[in-house]
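Open the model in a viewer and keep the selection panel at hand. The stops below go from the inside outwards and back again.

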Amino acid sequence: SVVINGTYNIQYSAQLFNGTVNQDLVNIWYDLDGTAVAASGSWGTIPARKNSSTPGSNIMTVNLFLNLTTSNKLTLRWLSVDGTGVIATYPSSVSPLYPTAPGLIVTVNQVS
């Protein structure tokens with residue numbers, strides 16, 4: 001929920017992971033007060049694992065503008081069709097050096 005009524009720009013970025021030998025199809029959408037938000041769904045394919053040490057991965061991101069009130073409850077929902085795809089955080093590493101890749105990032109900005 002939000003603390004001020006208004007129009008909001010809501011964005012998500014989801015890091016998807018698939019450790020199986022088959023690709024998986026994922027749907028992510030917004031739910032407002034228990035009802036799916038029209039035209040908010042996105043479909044993405046997570047590729048199959050390439051070898052024993054390289055999982056399939058993909059990033060999905062969506063930007064949406066919604067009018068919200070303080071009584072609204074907005075939920076991000078998702079579905080893995082085959083049940084093998086997951087939203088996953090990739091840990092950081094020291095050698096080679098790279099930072100953590102968060103599984104999910106959600107940004108909410110009031111625009112009016």
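Begin with the largest nonpolar core, a set of 16 residues in which Tyr 12 and Tyr 30 have the most contacts. Colour strands β1 (6-18), β2 (24-32) and β5 (56-68), the elements that each give two or more residues to this core. The coordinates are those of a predicted model.

**Tyr 12 and Tyr 30**

Select Tyr 12 and Tyr 30 together and show their side chains; both are buried. Searching the whole structure turns up two aromatic pairs. Tyr 12 and Tyr 30 form an edge-to-face pair, with ring centres 6.0 Å apart and 65° between the planes. The angle is over 60 degrees, so the pair is classed as edge-to-face rather than tilted. Tyr 12 sits in strand β1 and Tyr 30 in strand β2, 18 residues apart, so that the pair links distant parts of the chain.

Now keep Tyr 30 alone and display what surrounds it. Leaving aside neighbours within four places in sequence, Tyr 30 is in contact with Ile 10, Gln 11 and Tyr 12, with Thr 35, Ala 36, Val 37 and Ser 40, with Val 62 and Leu 64, and with Leu 74, Thr 75 and Leu 76.

**Asp 31 and Arg 77**

Move along the chain to Asp 31 and add Arg 77. How many salt bridges does a search of the whole structure find? The search finds one. The side chains of Asp 31 and Arg 77 meet in a salt bridge, at 3.1 Å from N to O. Asp 31 belongs to strand β2 and Arg 77 to strand β6, with their positions 46 residues apart in the chain, so this pair too links distant parts of the chain.

Are the two partners buried or partly exposed? Asp 31 has a relative accessible area of 7% and is therefore buried. Arg 77, at 37%, is partly exposed.

**Asn 27**

Keep Arg 77 on screen and select Asn 27, which lies in strand β2. The C-alpha atoms of Asn 27 and Arg 77 are 8.4 Å apart, while the two residues are 50 apart in sequence. Asn 27 is buried because its relative accessible area, 12%, is under the 20% limit. Beyond the neighbours within four places in sequence, Asn 27 is in contact with Gly 41, Ser 42 and Trp 43, and also with Arg 77, Trp 78 and Leu 79.

**The nonpolar patch**

From Asn 27, go on to Leu 79, one of its contacts. Leu 79 is in strand β6 (residues 74-80) and is partly exposed, with a relative accessible area of 42%. Switch on the surface and add Leu 25, Trp 43 and Val 81: with Leu 79 they make a nonpolar surface patch of about 390 Å².

**Thr 7**

Next, select Thr 7 in strand β1. Its relative accessibility is 18%, so Thr 7 counts as buried. Leaving aside neighbours within four places in sequence, Thr 7 is in contact with Leu 66 and Asn 67, and with Asn 109, Gln 110, Val 111 and Ser 112.

**Lys 50**

Finish in the loop between β4 (42-46) and β5, where Lys 50 is found. Lys 50 has a relative accessible area of 66% and is therefore exposed. Add Asn 22 and draw a distance between the C-alpha atoms: Lys 50 and Asn 22 are separated by 9.8 Å, with their positions 28 residues apart along the chain.

Notes. Residues numbered from 1 in each chain as written. Predicted model: local features only at pLDDT ≥ 70, side-chain atom pairs only at ≥ 80, totals over all residues. Heavy atoms only, no water. Core = buried A, V, L, I, M, F, W, Y, C linked by side-chain atoms within 4.5 Å. Buried < 20%, exposed > 50% of the residue type's maximum accessible area, 1.4 Å probe, protein only. Helix = DSSP H or I, 4+ residues; strand = E, 2+ residues; numbered from the N terminus. Contact = heavy atoms within 4.5 Å. Phe/Tyr/Trp six-rings, centres within 6.5 Å; stacked < 30°, edge-to-face > 60°. Patch = residues over 30% accessible without salt bridge, like charges linked within 9 Å, V, L, I, M, F, W, Y side chains within 5 Å. Areas by Shrake-Rupley, 256 points an atom, 1.4 Å probe, with all protein chains shown as cover. Salt bridge = Lys/Arg side-chain N within 4 Å of Asp/Glu carboxyl O.
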